[in-house]
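Here are my notes on the model, set out as numbered points for you to follow with the coordinates open. They begin at the interface and then move to the sheets and the pairs within each chain.

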Amino acid sequence: MASEDEWNLLVIVMDVNPIWWGQQAQREPEFTLSKCLDAVMVMGNSHMAMTRTNKLAIIASHCQDSHFLYPSKNWTAGDGAGDGAMDEAPNCGDGKYELLSVANNVVAEEMKRVMSTTEVKGNSTDTLLAGSLAKALCYIHRLTKELEAGEEIKSRILVIKTAEDCARQYMNFMNVIFAAQKQNILIDACVLDSDSGLLQQACDITGGLYLKIPQKIALAQYLLWVFLPDSEQRSQLVLPPPVHVDYRAACFCHRNLIEIGYVCSVCLSIFCNFSPICTTCETAFKIQLPQMMKSKKKKLKQST
Amino acid sequence: MDEEPERAKRWEGGYERTWEVLKEDEFGSLKATVEEILFQTKRKRALESHGQVRLGMMRHLFVVIDSSRTMEDMDLKPNRLKATLKLMETFMEEYFDQNPISQVGLITTKNKRAEKLTDLAGNPKKHIAALKKARDAACVGEPSLFNALSLAIQTLKHMPGHTSREIVIIFSSLTTCDPSNIYELIKSLKALKIRVSVIGLSAEVRVCTVLTRETGGTYHVCLDESHFKELLMFHVKPPPANTQSECSLIRMGFPQHTIASVCDQDSKPSFSMSHLDSGSEVGLSLGGYFCPQCHAKHTELPVECKICGLTLVSAPHLARSFHHLFPLEPFRETPLEQHPAHRFCHACQGQLKDKVVFTCPLCSGVFCTECDLFIHDSLHCCPSCINTQLSH
């Protein structure tokens, strides 16, 4: 049991890529974005109901921006700048713990607002996952600074991913992963559709769990079973085994995975074959020539 | 050797009215002003980024720790030696975090001799174990700069040309006992392109000034423990590379990590190469990293394969150094009144309460002071730049 002074923060990052969810609604009408949100809310409510000192934050990751669904800025400001909806008493009538019903209402409102107001501009159809993770880390950092003396906080991030990886975000993603590892923040991943190499690396480096769900309809079940316990309790449970992560590097010229490669000492780009010039930083390399052996001068025997 | 004019000493300059910089707040306390001065120096140091300069990514660094009689002085608690060793442990962890493909070695000098504590290696655990053991060592005699430097040179001169060779000396004594002319040694250091930096604990010593000036290193004398830590952490960042250092393609291997379990049919237990060094480790294990060239097993990366000599790394290790190559630009400081529309920080969603806010020059995102420090120290990427897809 956690002591009273130890706060447990769970940040859920949801991938709400409208293109993927639109296609999903046509493929499998039983599992839509609202069903997914229901499952996430079940998970969030369970987390907050476990101990009084558990905290929750939910971020929606879109193609254009990342929004904090909960806690919402309009709600915490409390000066009526937001909608009038929050003024009415959040009374569901079924005797639910008030914090949970408020959270549910806020999340539903914010999600509706996000999906209706954000447009997809240009060619950007990839989810900005690295940006949401960066914002989550800053939020965790702020909460850690705001603690009073004697209080501790343990945080973890749960990523629910739907669309595919965006290769352009590789460097930002790696920066975020290393920052999370330094702050001892776990990153768990729950993948609905296709395997994501970036998230596999993130979970392996930070010590979290990676799971690809076979049946999307049972999302709530998987979330509660695998991702609800925190890191101390996980050692006592039988959880899905860790996946084999492919840490081989991809060469810059062909994008093949290689086992032995050549690394430029200036810009650290990886090549599969030796070439005299690095294509990234255009440095000319010194080629090791075999050493010239001086021919030994034979001593002329003096003929007597 | 003395053609460069040395900068004037402090007592030779005019009067500085240092008391006018400090201002008291309404309770008569100076704490706020002192904190602000420290904050400004920290930001100035962070802003001194090198920009488009080639950096030495693969570093071979020797740290020379003075263990002479003066290290038993108690001006750093509990005594200078123990404080130095504790800070060195933190330095080791930070160093391998920022430079995963580099190597460090430790040398101590006392009793007019120099001794190698640990050889050049890429694994921090060995160094930290050696540092812990060195806490009980006695501090006797005088240090010898010449012997320490020549011991370091013996290993560094065989290192390949594309790596940066560095020596950092933590020097507390005011004397050094050398068997031969140290100026000749300084010339050979310069010829071998070894950069020597010194952190002094007592006072400025002229031979150290000449040594660092000729080899292109830095020389600072620490004021107190936090200043000492700052000076030490300054050496964690990769230095600008020497203009004459060679650039070459280094052959490296990227082994796969096999996690085999007992119920796997094909998995066979095997010894790993790391047990050759320390006999106390458990010998047989199932999973590990197999060298792609000779299939020898190793337990952790990065390492140089003992059988075939191939450097083994994993792709995240190289990725850790990328933020040095593409550094984040420092944010602009603006007063809060210029941003009436923004009440919340873009990154942490907290209310903007400070008098100054920081804006990213590329995407105009507004951040609070805490987020600015966090972004530049740990994250190395701007959250709103990623979201507006300006950076790739």
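How many salt bridges are there between chain A and chain B?

1. The count between chain A and chain B is zero salt bridges, a result that should be read with the reminder that this is a predicted model. Over all chains, by contrast, the rule arrives at 17 salt bridges. Polar contacts do occur across the interface of the two chains, where five residue pairs are found, with both residues of each pair at pLDDT 80 or more.

2. As for the extent of the interface, 62 residues of chain A are in contact with 54 residues of chain B. The area buried between chain A and chain B comes to about 5,400 Å², and carbon and sulfur atoms give 64% of that area.

3. Several elements of chain A each supply at least two residues of the side that touches chain B, among them the helices H3 (73-77), H5 (129-145), H6 (170-182) and H7 (197-206), and the strands E3 (66-70) and E9 (260-264). The largest share of this side of chain A, 11 residues, is that of H5(A). Sorted by class, the side of chain A that touches chain B consists of 33 nonpolar, 16 polar and 13 charged residues.

4. The two chains also share a sheet, an open one of five strands with mixed pairing, whose order is E10(A)-E9(A)-E7(B)-E14(B)-E13(B). Its edge strands are E10 of chain A and E13 (303-304) of chain B, each of which pairs on one side only. The link between the chains is made by E9(A) and E7 (residues 249-253) of chain B, which pair in the antiparallel sense over five bridges, and within E7(B) it is B:Met252 that stands opposite A:Gly261. Towards the other edge, E13(B) and E14 (residues 311-312) of chain B run antiparallel and are joined by two bridges, with B:Glu304 having B:Thr311 as its bridge partner in E14(B).

5. Chain A has an open sheet of six strands in the order E3-E2-E1-E4-E5-E6, again with mixed pairing. E3 and E6 (210-212) of chain A each have a single partner strand, so each of these edge strands has one side without a neighbour in the sheet. On average, neighbouring strands of this sheet are turned by 20° against each other, direction ignored. At one edge, E2 (residues 54-61) and E3 of chain A pair in the antiparallel sense over four bridges, and A:Ala60 stands opposite A:His67 in E3(A).

6. Two helices deserve attention alongside this sheet. Helix H2 (residues 33-50) of chain A packs on the sheet, touching E1 (6-15), E2, E3 and E4 (152-161) of chain A, and its direction makes about 175° with that of E1(A). Helix H8 (residues 219-227) of chain A lies across E4, E5 (186-191) and E6 of chain A and runs at about 155° to E5(A).

7. Which side chain meets that of A:Arg156 in a salt bridge? The partner is A:Asp188, with an N to O distance of 4.0 Å, which sits right at the limit of the rule, within 4 Å. The pair links distant parts of the chain, A:Arg156 lying in strand E4 of chain A and A:Asp188 in strand E5 of chain A, 32 residues apart.

8. In chain B, six bridges join E2 (residues 103-110) to E3 (residues 113-121), and these strands run antiparallel. E2(B) and E3(B) form a hairpin with two residues between them, and B:Asn111 in the turn has a positive phi of about 55°. The bridge partner of B:Lys110 in E3(B) is B:Arg113.

Key. Residues numbered from 1 in each chain as written. Chains lettered and ligands numbered in written order. Predicted model: local features only at pLDDT ≥ 70, side-chain atom pairs only at ≥ 80, totals over all residues. Heavy atoms only, no water. Contact = heavy atoms within 4.5 Å. Buried area = accessible area lost by both parts, 1.4 Å probe. Polar contact = N/O pair within 3.5 Å; in protein donor to acceptor, adjacent residues only side chain to side chain. Nonpolar A, V, L, I, M, F, W, Y, C, P; charged D, E, K, R; others polar. Pairing = 2+ DSSP bridges. Axes fitted to C-alpha atoms, helices over the stretch in contact; angles between N-to-C directions.
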